[in-house]
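Thank you for making the time this morning. I would like to walk you slowly through one protein chain, moving from the whole to the parts, and please stop me if a term is unclear.

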Amino acid sequence: MSIIQHSNLLQNTERGLYCPAGDFYVDPKRPVKRAVITHAHSDHARWGCEHYLSSTAGEHLVRMRLSPDAEFDFLRYGETITHHGVKVTLFPAGHILGSAQVRLEHNGRVAVVAGDYKLGPDSTCASWEPVPCDLFVTESTFALPVYRWRDQTEIFAEVNAWWKASAEEDKCCLLYGYAVGKSQRLLAGLDASIGPIYTHGAVEKGVAAYRASGVELPETIYVGEVERKADFRGAMVVAVPSAHGTPWMRRFGKVSAAMASGWMMVRGTRRRRAADRGFVLSDHVDWATTLKAIELCDPEQVWVHHGYSAILARYLQSIGRDAVALDQAERRDENEDDEIDQAEANA
Ligand SMILES: [Zn+2]
Ligand SMILES: [Zn+2]
């Protein structure tokens, strides 16, 4: 294992990925002086750092999530800045609006921290692009062969068919997705001719940031601004999963509820959510696209974190790649996302 050869460029530390040459962290787990942030999700954009560097495309989202007292710098995709001799360039990660892969170059060596990423189309953010490198740091949230995503157009056709059928039965549809990223992607895929579209407060905040960033979304009505006795028959409500089963739901009358997530691939998850439907739609790479991304970037070494790290690293080793699992957990606890959602819903 040649983990040492990249050490001046990137190290895995208790506080997260650290670039010693530039003296900054990428998505630090704790407050640090200088942080490069791949995207606005709370497990990547942590509070309490003094200075943040992030993509221009994600500026509205990052500012929405972090303290206004911090210092920010924003960098366009493909633009390079040099910090203590380290060239830093951001490339689209295709995960959510503004999500970036961080390319670091020092002494002719290149490391790419992909953050969360996906390869499929998404009209709400720029598409992932391969960045050739010596060291590639990949997530592994869904890095098991069982995870295989279908084309999003098929999924959206199913979502709209479910909405239409429910509307014909005078039901209100509740569609659950994470507040930032998933919800806006869902909104962009809805057929607004079927009926009115409402949003939960946590979703609406994200919608405002997306609109301010120039992303086109269908017209939405914030549920908090309509009277409680409003008629929701035939409507679609996009909400966070933590809203399910709470008194907030009562106003909608007869409902059909669905969850959109990569976790819906696993039956047990669907049962536990107590939703009527599950749509498999993820903003992360599945097994096949994880491997495809690694092929396209063709690094000398792969570091794997955030999820099924050990399993993916072992598989990569079996096909002749130099791969290292940065964390030893066999699988990510799926409740992690719920906790994030809970925090968002309460914010
Ligand atoms: Zn994310
Ligand atoms: Zn993440």
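**From one residue pair to the whole fold**

Let me begin with a single pairing, in which F24 of strand β3 is the bridge partner of C19. Please keep in mind throughout that what we are looking at is a predicted model. That pair belongs to a larger arrangement, since strand β2, residues 16-19, and strand β3, residues 24-26, pair in the antiparallel sense over 3 bridges. Stepping back once more, these strands sit in an open sheet of 6 strands, ordered β1-β2-β3-β4-β5-β6, in which the pairing is mixed. At its edges we find β1 (11-13) and β6 (71-75), each of which pairs on one side only, and from one strand to the next the twist averages 30°.

Now to the protein as a whole. Its secondary structure comes to 8 helices and 19 strands, and the C-alpha trace spans about 65 × 45 × 30 Å along its principal axes. How does the radius of gyration of the protein agree with that of a compact globule? For 347 residues, a compact globule would have a radius of gyration near 20 Å, and because the protein has 20 Å, the two agree. Of those 347 residues, 49% count as buried, and among the contacts between residues at least 6 apart in sequence, 57% join residues at least 24 apart.

The domain assignment divides the protein into domain 1, which is written in two segments as 3-147 + 284-333, and domain 2, which covers 152-279. Taken over C-alpha atoms, the centres of domain 1 and domain 2 are separated by 30 Å, and where the domains meet, 18 residues of domain 1 are in contact with 14 residues of domain 2.

The largest nonpolar core has 101 residues, and among these V112, M236 and V237 touch the most other members. Where does this core lie with respect to domain 1 and domain 2? Both domains give residues to the core, so it lies between them.

Let us follow V112 a little further, leaving out residues up to four places away in sequence: V112 touches Q101, V102, R103, V131, C133, F136, V137 and C297. The last of these, C297, has its place in helix α6, residues 287-297. Is C297 buried or exposed? It counts as buried, because 21 C-beta neighbours lie inside 10 Å of C297, and the cut-off for that label is 20 or more. Apart from neighbours within four places in sequence, C297 is in contact with V112, P130, V131, P132, C133 and F136. With V131 the separation along the chain is worth noting, since C297 and V131 are 166 residues apart in sequence and yet 5.5 Å apart in space, C-alpha to C-alpha.

I turn next to another open sheet of 6 strands, where the order is β14-β13-β15-β12-β16-β17 and the pairing is parallel. Here the edge strands, each pairing on one side only, are β14 (221-222) and β17 (277-279). Strand β13, residues 197-199, pairs with β14 in the parallel sense over 2 bridges, and within that pairing Y198 stands opposite I221 of β14. Helix α3, residues 182-189, packs on the sheet, where it touches β12, β13, β15 and β16, and its direction makes about 160° with that of β15. Helix α4, residues 201-212, also packs on the sheet, touching β13, β14 and β15, and its direction makes about 105° with that of β13.

Finally, I would like to look at strand β12. Why is β12 described as largely enclosed by the rest of the structure? Because 5 of the 5 residues of this strand, residues 172-176, are buried. In a regular strand the side chains alternate between the two faces of the sheet. In β12 both faces are covered, with C172, L174 and Y176 on one side, C173 and L175 on the other, and all of them buried. Strand β12 runs parallel to β16, residues 255-260, and is joined to it by 5 bridges, with A257 as the bridge partner of L174. Strand β12 also runs parallel to β15, residues 236-239, through 4 bridges, and there the bridge partner of C173 is M236. That brings us back to the core, because M236 is one of the residues that touch the most other members.

How values were computed: Residues are numbered from 1 along each chain as its sequence is written. Chains are lettered from A and ligands numbered from 1 in the order in which they are written. This is a predicted model: local features need pLDDT of at least 70, side-chain atom pairs count only at pLDDT 80 or more; totals for chains, interfaces and linings use all residues. Two strands pair if DSSP finds at least two bridges between them. Axes are lines fitted to C-alpha atoms, for helices over the stretch in contact, and angles run from 0 to 180 degrees between N-to-C directions. The radius of gyration is taken over C-alpha atoms; the globule rule is 2.2 Å times the number of residues to the power 0.38. A residue is buried if 20 or more other C-beta atoms lie within 10 Å of its own, exposed if 12 or fewer, and partly exposed in between; C-beta atoms are placed from the backbone. Two residues are in contact if their C-beta atoms, placed from the backbone, lie within 7 Å. A nonpolar core is a set of buried Ala, Val, Leu, Ile, Met, Phe, Trp, Tyr and Cys residues joined through C-beta atoms within 7 Å. Domain bounds come from an automatic or database domain assignment.
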